[in-house]
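Here are a few exercises to try with the viewer open. Work through each task yourself before reading its solution.

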Amino acid sequence: MFTIVDFNNFWSPSGGGVRRYHLQKMAFYEKQQEVLSVFVMPDSKTFTEKKSDGLIIEHVKAFRFPGKWEYRFMWKPSQIKPVLEKYKPQVIEVGSPYLLPTLVRRVAKKIVPDAVLLSFWHADFPITYVQRPVTNKFGKALGVICKKLAFWYARKEFKRYDGIQVSCDEVLKRLERHHMPKSYWIPLGCDIQMFSPAKRDEALVQKLKAGNPERLTIFFPHRFCEEKGIELLLAAYPIITNRLGCEPTLVFAGTGPYLPQVRLAAQNYPYVQYAGFISSIDEMAKIYASVDLGLALSGWETFGLSILESMACGNAQIGASTGAAAEHVRNSGAGRILKERSPRALAEAIIELYHSDMVNLKQKARAYAEKFSWDECFKRQLHLYQEIYNNKRNS
């Protein structure tokens, strides 16, 4: 049987896009009979969970980061070797760039030397986690140097890999410029039945409008960190209020370093609400479909699943000027792209969008999201796996 094994230290029980990717991938392979997918899940103990003939989850005991993080880290050959010996996969996918790619490559060379080694570039870490924070703290010149060092490290980690899967065209071109292994474009998907305008809840709409049908309503279900634009939004809120003459309802959901600032805003402004961490997908879809517009303020998304889910619910978007957010807004025509990353520019974009033809923009957003399907994503990916494996075997 054609077998795929997935390793990823970016998995977390409360994670966002990476978690959703693996959950959807597992759902796809659970229905398969001719192909086996094995997801290696970092966990508190080691055991095997067989879900079907097409899906097995290998739970591997792994180090948990201290604090509130729920990430666990596989870093020893003893965590990798038993899985590869047990399944002898044709394809191995590694979804995180820190130490794991080299570790897997070295173990695989001894056990399955002919296996295809692929990565999925879930996070554009040289830009997002290296250049951006270094630039913010120490200046542009040092940020550029650190970015180059990060790409050097990435080339070292993915040395002799057969390819890197990418979901954002801008990121793909960046990897090519930095001489990474060959990149393959694999757009992710969206559950357009779950995330749909049909999830609109009129009772919730009325509650959010709070007696004023003209009141702007916004949902922010992203991690509360600078990367996602939380500072921009909190600073833009009073500007929007003054310009509109009516306080918008702003619903926050999630957690992160800026949670205290979100709680403070909810205390200071009567129409700012904190809904906590929402684990129910159905509840997320209901809120998405019941507000006026969505925000995609991170300029470092490699696909932006939450952006697409918001669009599938019929939300026009304010998008960052770079990354997947810009691509989604530009390609759909369903929103506005920030002219600059500042509170005033965000406020102006939101006001401009609210005074636009929202019905038309909402229709464009939904039509765009309908082009993306999880089944098509994983069918395309499986074809890529098999094609690279056959080419490698016959070379």
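**Exercise 1. Two helices in contact**

Task: In this predicted model, find the angle and the axis separation at which helix H7 and helix H10 pack, and classify the arrangement.

Solution:
- Step 1. Select helix H7, residues 202-209, and helix H10, residues 281-290; they pack at an angle of about 60°, and their axes lie 9 Å apart.
- Step 2. Angles under 35 degrees would be roughly parallel, 65 to 115 roughly perpendicular and over 145 roughly antiparallel. Because the angle fits none of these ranges, H7 is oblique to H10.
- Step 3. For the handedness, look at how the helices cross: H7 passes H10 in a right-handed crossing.
- Step 4. Now pick out the side of each helix that touches the other. H7 contributes Leu-204, Val-205 and Leu-208, while H10 contributes Lys-286, Ile-287 and Ser-290.
- Step 5. Sort these residues by character: four are nonpolar, one is polar and one is charged.

**Exercise 2. Reading the sheet**

Task: Which order do the strands of the eight-stranded open sheet follow, and which strands lie at its edges?

Solution:
- Step 1. Trace the strands across the open sheet to get E3-E4-E2-E1-E7-E8-E9-E10, with mixed pairing.
- Step 2. Check both ends: strand E3 (47-52) and strand E10 (183-185) each pair on one side only, making them the edge strands.
- Step 3. Follow the twist, which averages 25° from one strand to the next.
- Step 4. Zoom in on one pair. Strand E7 (residues 91-94) runs parallel to strand E8 (residues 116-120), and four bridges join them. Glu-93, for instance, has Leu-118 in E8 as its bridge partner.
- Step 5. Add the helices that pack on the sheet. Helix H2 (residues 77-87) touches E1, E2, E3, E4 and E7, and its direction makes about 155° with that of E4. Helix H6 (residues 169-177) touches E9 and E10, at about 170° to the direction of E10.

**Exercise 3. One residue in its setting**

Task: Is Val-130 buried or exposed, and which residues does Val-130 contact beyond its neighbours in sequence?

Solution:
- Step 1. Locate Val-130 in helix H4, residues 125-138.
- Step 2. The relative accessibility of Val-130 is 18%. The cut-off for buried is under 20%, so Val-130 counts as buried.
- Step 3. Set aside neighbours within four places in sequence; Val-130 is then in contact with Phe-125, Cys-146, Lys-147 and Ala-150.
- Step 4. For a comparison in distance, take Gln-317: Val-130 is 187 residues from Gln-317 in sequence, and their C-alpha atoms are 27 Å apart.

Methods:
Residues are numbered from 1 along each chain as its sequence is written. This is a predicted model: local features need pLDDT of at least 70, side-chain atom pairs count only at pLDDT 80 or more; totals for chains, interfaces and linings use all residues. Side-chain values use heavy atoms; hydrogens and water are left out. Two strands pair if DSSP finds at least two bridges between them. Axes are lines fitted to C-alpha atoms, for helices over the stretch in contact, and angles run from 0 to 180 degrees between N-to-C directions. Contact means heavy atoms within 4.5 Å. Buried means under 20% relative accessible area, exposed over 50%, partly exposed in between (1.4 Å probe, protein chains only). A crossing is left-handed if the near helix is turned anticlockwise from the far one by less than a right angle, and right-handed if clockwise. Ala, Val, Leu, Ile, Met, Phe, Trp, Tyr, Cys and Pro count as nonpolar, Asp, Glu, Lys and Arg as charged, and the others, Gly among them, as polar.
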